[in-house]
Amino acid sequence: MAIEVKNLCFSYPGSPVTAVENVSFTIEKGERVAIIGQNGAGNSTTVKIIDNIYKPTSGTILVDGIDTKDKTTAEIAPHVGYVFQNPNDQIFNDDVTKEIEYVLRYWKLSEEEIVRRRDEALDITGIRDFIHTHPFDIPLPIRKFLTVAVVLAVGPDYVILDEPTAGLDPKERIRIRNLISQISMDRIVILATHVVSDVEYIAKEIIMLKNGQLVSQLRPGQLLQQMKGKVFEVCVAEDQVEEMQRKYLVGNIRKDE
């Protein structure tokens, strides 16, 4: 069981810029993978190609040996589930229960199987209290959990989460990290993110992109080893901060009381 990305290239129609350029990597069974890079690095574009939302300009995506270019997005959905960064882009029913059950009823599964899958997804995501609520009447964090529940009910072997912690407060970020750890026990989870703090808690492997190109595919420990002697934490006086920013690339500033 694996996703193979081979010489992937993608350009948006009418754009002279190549968003993803000659990217190749493999994601194998048992992995929790983060695809990271700054905004515009190609993270979200790459995972949308894996889910078949976009078709590659060139190159190949194989999901368990299935070439996605020969399939529709609906045909890939039972294998690869995609959770959008903005849940509002994914929700279109007027009831939480209907939202989770929609695809299952479209597939004409038995009522018993629909209820089993729905209830399991509700319990995993912890949103049972909202089952008869309109999705747009519930808070953004709960809507995010709802879209995860929809994907889990479908039952794919691969779950892609695009910027899963965007717009969440610290408490909800912890909750969704725990959820990701839970669902990755029997699925391959792929995160597209630029939030490094999410990666250190969740990912077992990190695929790093820059300007649409693959920089590395490493375990967190290997990546930290590469950064040894190149990244430092220093304590300076407040009036020295501006000078440090002029002289060095500063990734994060924290004010100590």
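I'll start with a residue at the surface: Lys108 is exposed, with 72% relative accessible area. Bear in mind throughout that this is a predicted model. Lys108 sits in the loop that joins H3 to H4. Its phi is near 60 degrees, a positive value in a residue that is not glycine.

Asn211 can be described in similar terms. This residue belongs to the loop between strand S9 (205-210) and strand S10 (213-218). Asn211 is not a glycine either, and its phi is positive, about 50 degrees. Is Asn211 buried or exposed? Its relative accessibility is 52%, and the cut-off for exposed is over 50%, so Asn211 counts as exposed.

Now a loop residue with the opposite label. Asn93 lies between strand S6 (80-83) and H3. Its relative accessibility is 14%, and buried means under 20%, so Asn93 counts as buried. What is Asn93 in contact with, once neighbours within four places in sequence are left aside? The list is Lys98, Glu99, Tyr102, His134 and Pro135.

Next, the sheet. Four strands make an open sheet, in the order S2-S1-S4-S5, with antiparallel pairing. Its edges are strand S2 (18-28) and strand S5 (66-67), each of which pairs on one side only. Inside the sheet, strand S1 (residues 2-11) and strand S4 (residues 58-63) are antiparallel and share five bridges. One residue pair to look at there is Val5, whose bridge partner in S4 is Ile61. As a reminder, side chains in a regular strand alternate between the two faces of the sheet.

S4 also pairs with S5, again in the antiparallel sense, over two bridges. Here Val63 stands opposite Ile66 of S5. The hairpin of S4 and S5 has two residues between the strands, and in it Asp64 takes a positive phi near 50 degrees.

On to the interior. The largest nonpolar core has 34 residues, and those touching the most other members are Ile100, Ile127, Leu146, Leu161 and Leu191. The elements that give two or more residues to this core include strand S3 (32-36), helix H3 (96-106), helix H4 (111-125), helix H5 (140-154) and strand S7 (158-162). Helix H6 (170-183), strand S8 (188-193) and helix H7 (196-202) are also among them. Which element provides the largest share? That is H5, with nine residues.

Ile127 is worth selecting on the screen. Neighbours within four places in sequence aside, Ile127 is in contact with Val96, Leu122, Ile142, Phe145, Leu146, Ala149 and Arg175. A separate core, of 27 residues, lies apart from the largest one, and its members include Ile3, Phe10, Ala19 and Val80.

Last, a pocket. Rolling a probe the size of a water molecule over the atoms shows where empty space is left. How much space lies in the second largest pocket? The figure is about 550 Å³. Its lining has 22 residues, and Ala77, Gln90, Val103, Val150 and Val154 are the closest to the centre. Helix H2 (73-76), S6, H3 and H5 each supply at least two residues of that lining. By class, the lining residues of this pocket are 16 nonpolar, four polar and two charged.

To close, two elements came up under both interior headings. H3 and H5 each give two or more residues to the largest nonpolar core, and each supplies at least two to the lining of the second largest pocket.

Terms used. Residues are numbered from 1 along each chain as its sequence is written. This is a predicted model: local features need pLDDT of at least 70, side-chain atom pairs count only at pLDDT 80 or more; totals for chains, interfaces and linings use all residues. Side-chain values use heavy atoms; hydrogens and water are left out. A nonpolar core is a set of buried Ala, Val, Leu, Ile, Met, Phe, Trp, Tyr and Cys residues joined through side-chain atoms within 4.5 Å. Buried means under 20% relative accessible area, exposed over 50%, partly exposed in between (1.4 Å probe, protein chains only). Contact means heavy atoms within 4.5 Å. On a 1 Å grid over the protein atoms alone, a cavity is a set of points where a 1.4 Å probe fits but cannot get out, and a pocket is an open set with protein on both sides within 12 Å along at least five of seven lines; lining residues have an atom within 4 Å of a point. Grid points are joined across faces, edges and corners, and a volume is the space filled by probe spheres set on the points. Ala, Val, Leu, Ile, Met, Phe, Trp, Tyr, Cys and Pro count as nonpolar, Asp, Glu, Lys and Arg as charged, and the others, Gly among them, as polar. Two strands pair if DSSP finds at least two bridges between them.
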